[in-house]
Amino acid sequence: MSAAQSHRVLVFTTPTCPWCTRAKAYLRERSVPFREVDVSRDPAAARDLVRRTGQMGVPVIEIDGRPIVGFDRPRIDT
């Protein structure tokens, strides 16, 4: 994903997740703006995330409504 393109990016995280930290750093290195949602502090967001992805783990990176479970660089870059 290039910074020149405009995408709506949400990153679902928890404060203790090392892969979440790596995912956010990866997006920042590429100048991709994103909004972070801490599911440990937002139970409604956590329930919604499980409903939409079937996953309880983080990170989940949602790009234009398309969820990517885990820190999957190839899928992030497409």
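Q: Contact means heavy atoms within 4.5 Å; going by that, which residues does Lys24 touch, not counting residues up to four places away in sequence?
A: In this predicted model, Lys24 touches Val11, Thr13, Phe34 and Glu36. Each of those four therefore has heavy atoms within 4.5 Å of Lys24. Lys24 itself lies in helix H1.

Q: Why does Lys24 count as buried?
A: Its relative accessibility is 14%. Buried means under 20%, so Lys24 gets that label.

Q: And what about Ser31: why is it called exposed?
A: Exposed takes a relative accessible area over 50%. Ser31 comes in at 52%, so it qualifies. You'll find Ser31 in the loop between helix H1 (18–29) and strand S2 (35–38). There's an oddity in its backbone too: phi is positive, about 55°, although Ser31 is not a glycine.

Q: What makes Asp64 "partly exposed"?
A: Its relative accessibility is 45%. Partly exposed covers the range between 20% and 50%, so Asp64 belongs there. Asp64 also has a positive phi, near 50°, without being a glycine. Look for Asp64 in the loop between S3 and strand S4 (66–69).

Q: Which residues are joined by a cis peptide bond, and where does Pro59 lie?
A: The bond joins Val58 and Pro59, with omega at about 5°. Pro59 lies in the loop between helix H2 (43–53) and strand S3 (60–63).

Q: How do you know that Cys17 and Cys20 form a disulfide?
A: Their sulfur atoms are 2.5 Å apart. A disulfide takes cysteine sulfur atoms within 2.5 Å, so this pair makes the cut. The structure holds one disulfide. Both Cys17 and Cys20 are buried.

Q: What handedness does the disulfide of Cys17 and Cys20 have, and why?
A: The torsion about the S-S bond is about 85°, so this disulfide is right-handed.

Q: How do you know that S3 and S4 pair?
A: Pairing takes at least two bridges. S3 and S4 share four, so they count as paired, in the antiparallel sense. In one of these matches, Val60 has Val69 in S4 as its bridge partner.

Q: What is the strand order of the open sheet, and why are S2 and S4 called edge strands?
A: The four strands run in the order S2-S1-S3-S4, with mixed pairing. S2 and S4 each pair on one side only, and that is what makes them the edges. From one strand to the next, the twist averages 20°.

Q: Which strands does H1 lie across, and which does H2 touch?
A: H1 lies across strand S1 (9–13), S2 and S3, running at about 160° to S1. H2 packs on the sheet and touches S1, S2, S3 and S4, its direction making about 75° with that of S3.

Q: What makes the largest nonpolar core a core, and which residues are in it?
A: A core is a set of buried residues of certain kinds joined through side-chain atoms within 4.5 Å. The largest has eleven residues, including Val9, Val11, Ala23, Tyr26, Ile61 and Phe71. S1, H1 and S3 each give two or more residues to this core, and H1 gives the most, with three. A second, separate core has seven residues, among them Leu10, Val37, Leu49 and Val60.

Terms used:
Residues numbered from 1 in each chain as written. Predicted model: local features only at pLDDT ≥ 70, side-chain atom pairs only at ≥ 80, totals over all residues. Heavy atoms only, no water. Buried < 20%, exposed > 50% of the residue type's maximum accessible area, 1.4 Å probe, protein only. Axes fitted to C-alpha atoms, helices over the stretch in contact; angles between N-to-C directions.
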